[in-house]
Amino acid sequence: MVQKVLTANRLADGISVWLDAAGNWNESLQAAFVARHKEAVEALETTGRQAFADNKVVDVNVVDVEDVDGALRPLRMRERIRAEGPSIPYAAGYAGLKTIRAAAA
């Protein structure tokens, strides 16, 4: 089974967040709880629905990830951009978010 994590956007500010093992919404994909079997994925989905109903997050999704040299990496480009920031230079002076590659260096 493919590894999966739960992601959403925090309702208060729109920032991309991932659910960690303690049940908190964390701004780092690397802190996310990784579901490796069907029951864990179902628990993530239930937690996501409840967080949405409680107006904590929006755009809740379970997404596929892989382990690349000890770091989580989303399989879909959309999720990579949400986790790492823009894929092209954004604006003069914008440093971007920390990327997996920068964190590993």
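Contact, in these legends, means heavy atoms within 4.5 Å. The model is predicted, so local features need pLDDT of at least 70 and side-chain atom pairs count only at pLDDT 80 or more, while totals for chains, interfaces and linings use all residues. Residues are numbered from 1 along each chain as its sequence is written, and side-chain values use heavy atoms, with hydrogens and water left out.

**View 1. Helix H1 from end to end, residues 38-53.** Helices are DSSP runs (H or I, at least four residues) and strands are DSSP runs (E, at least two), numbered from the N terminus. With 16 residues at 1.5 Å each, H1 should span 22 Å (1.5 Å times one less than its number of residues). Its end C-alpha atoms lie 23 Å apart, which agrees. After H1 comes Asn-55, with a positive phi near 60 degrees.

**View 2. The two sides of H1.** Ala-40, Val-41, Leu-44, Gly-48 and Ala-51 are buried (under 20% relative accessible area, 1.4 Å probe, protein chains only). These residues fall within an arc of 100 degrees (directions from the helix axis to the C-beta atoms), so they line one face of the helix. Their cover includes strands S1 (3-10), S2 (16-19), S3 (25-26) and S4 (57-68). Over on the other side, Lys-38, Glu-39, Arg-49 and Ala-53 are exposed (over 50%).

**View 3. Glu-79 in helix H2 (residues 77-84).** Have a look at Glu-79, which is buried at a relative accessible area of 2%. Its side chain makes a polar contact of 2.9 Å with that of Arg-82 (a pair of N or O atoms within 3.5 Å, one able to donate a hydrogen and the other to accept it within protein; residues adjacent in sequence count only if both atoms are side-chain atoms). Beyond its neighbours within four places in sequence, Glu-79 contacts Thr-7, Val-63 and Pro-74.
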